[in-house]
Amino acid sequence: MFNNIDINLLKRYDKPGPRYTSYPSAPLFNKEYTTELYIEDLIKNNENNLNPISIYLHIPFCDTLCYFCGCTTIITPNQKHLDEYRFYLKKEISIFEKYYSKNRQVTQLHWGGGTPSYLNPDQIFDIGNFIKSRFNFSHYIEYGVEIDPRGLTFEHLEAFHSVGMNRISIGVQDFNEEVQRATNRIQPENITFDAIEWSRKLGIKSINLDLIYGLPKQTISSFEQTLDKVIDISPERIAVFNFAYVPWMKPHQKLINQNELPKAEDKLEILKMTIEKLTKAGYLYIGMDHFVKPDDEMAIAQKNKTLYRNFQGYSTNAGADLFGFGMSSISHFSNVYSQNHKSLESYYQNLDNNQFPISLGYRMNQDDIIRKYVIMKLMCDLEVNKLEVEQKFKINFADYFAESIVKLEEFKEQGIVYEDESKIIIGDIGRLILRNIAMCFDAYIDKLIKEKPIFSRTV
Ligand code: SF4
């Protein structure tokens, strides 16, 4: 299915665009959304609502800076910061608890960062047990943690496992030593192998490895060697992210020697090789950087059309309301987005005043709700049923999306997208440019792209 990818097609669609982990995308979040509005929305959301809950915990600290990093992170060698942060994180959860209906079950929990495994085992126990005591955990919970093998011990994993972790996402990025040196992320392969062996020893059945293509010093053959090692490890999931080189937004990326970045053409060749190699090795390409084994829950969810997309990427937990805790974390429930302060100082200050540390947010209007539905269907199910959309939202699809359908024409002409009476369907090759296809349905995209360079490139 992916054995002869047309590189010119990738080249044509390699342009800036959102990742659609939300719609509208995050640049639309604004300061008009206040803590008072958040409380109003939170109270309404918990009235007579049995919707499951998904929790995201952001641990922003890291030991050293990877030059490619695109996350909201604080580099510190001082473990004391983690204790202070732990205090405030628990305080935020305690404030939230007053509004949360305990009839609602937590079906998903994710620790992201930064580096959650930068916490020591005692700190992990403490936060993990605190959350367990405050929320009603479902018997079946998807409990994931992002792990950096550097500095990791078996005791860290034991601590996460004892508080509920049953899936793990390990940052590898690239096994090649030159690439590691050029990006200031020295990670000898034996420590990655240890992390995987320990996870399996603890019975973790779902292991994801994160890789990045487009890093400095990377070549097609060097990345092929990395992929060979990854295939040998045989993780359940592999995420291969496009390196988002956005030094105007992430100034530390200027530490990368620009001359060492692969040329645009080579980068696309690396992507082509990656997709061909991983699919040949038996992985299914879900779309948007994600490869999974055919019996993985994510593959099954895509088949059953229950796959969902949120700020952690793809999720099998459609329908859950997302509540994020920690500096910069994002929540999404009842057609509302809210984001916490992105600086520790403001995050702590609000909590010192016993206030939610809300910095930005957005209340969706009816048009946003309809477009989000269509975009999520395209990104997750790789098709949208027009008749279903018409019935669900009482609209005429052709009239409502007249402009989008015109934009979609070029994809149809090239056989990337198919349309019949009832459906719009994305063909195999369209999985490589899902963001570009989704952009046809985004009401804000033209204005956002014109205003400032905020998005990474799509391919
Ligand atoms: S460990 Fe992850 S979050 Fe921390 S600097 Fe490196 S890439 Fe960024």
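Helix α3 (residues 80-97) and α4 run with their axes within 11 Å of each other in this predicted model. The crossing angle is roughly 0°, so the two helices are roughly parallel. From α3, the contact draws on L82, R86, L89, K90, I93 and E97. From α4, Q123, D126, I127, F130, I131 and R134 take part. By class, this contact holds six nonpolar, one polar and five charged residues.

A second helix pair is α8 (residues 220-233) with α9 (residues 264-280). Their axes come within 10 Å and cross at roughly 30°. Angles under 35 degrees count as roughly parallel, so α8 is roughly parallel to α9. The crossing is right-handed. On the α8 side, the contact is made by I220, F223, E224 and L227. On the α9 side, it is made by D266, E269, I270, M273, T274, K277 and L278. The classes here are six nonpolar, one polar and four charged.

The table sets out the two pairs.

| Helix pair | Axes come within | Crossing angle |
|---|---|---|
| α3 and α4 | 11 Å | roughly 0° |
| α8 and α9 | 10 Å | roughly 30° |

Helix α4 has another partner. The buried residues of α5 pack against α4 (121-134), and also against β5 (136-147) and α7 (189-201). Which residues of α5 (residues 154-162) are buried? They are H156, L157, A159, F160 and H161. Just after α5, G164 takes a positive phi of about 130°.

Now the domains. The assignment splits the protein chain into domain 1 (1-20 + 366-451) and domain 2 (21-325). Their C-alpha centres lie 26 Å apart. The contact takes 24 residues from domain 1 and 23 from domain 2. On the side of domain 1 that touches domain 2, α1 (7-12) and α12 (366-381) each give two or more residues. The largest share, eight residues, comes from α12. That side of domain 1 divides into 15 nonpolar, one polar and eight charged residues.

I416 sits in the loop between α15 (402-413) and β18 (417-419). Is I416 buried or exposed? I416 counts as buried, because it has 21 C-beta neighbours inside 10 Å and the cut-off is 20 or more. Leaving aside neighbours within four places in sequence, I416 is in contact with F411, G427, I429 and G430. I416 and R12 are 404 residues apart in sequence, yet their C-alpha atoms are 13 Å apart in space.

Some backbone details deserve a look. Most residues other than glycine have a negative phi, and most peptide bonds are trans. Y20 has a positive phi, near 50°. Y20 lies in the loop between α1 and α2. Y20 is buried, with 22 other C-beta atoms within 10 Å. Q173 also has a positive phi, near 75°. Q173 belongs to strand β6 (residues 167-173). Q173 counts as buried, with 23 C-beta neighbours inside 10 Å.

Where do cis peptide bonds occur? One runs from Y23 to P24, with omega near -5°. P24 is in the loop between α1 and α2 (35-46). Another cis bond joins G113 and G114, with omega about 15°. G114 is in the loop between β4 (105-113) and α4.

Definitions and conventions:
Residues numbered from 1 in each chain as written. Predicted model: local features only at pLDDT ≥ 70, side-chain atom pairs only at ≥ 80, totals over all residues. Buried ≥ 20, exposed ≤ 12 C-beta atoms within 10 Å, placed from the backbone. Helix = DSSP H or I, 4+ residues; strand = E, 2+ residues; numbered from the N terminus. Contact = placed C-beta atoms within 7 Å. Domains from an automatic or database assignment. Nonpolar A, V, L, I, M, F, W, Y, C, P; charged D, E, K, R; others polar. Axes fitted to C-alpha atoms, helices over the stretch in contact; angles between N-to-C directions. Parallel < 35°, antiparallel > 145°, perpendicular 65-115°, else oblique. Left-handed = near helix turned anticlockwise from the far one by under 90°.
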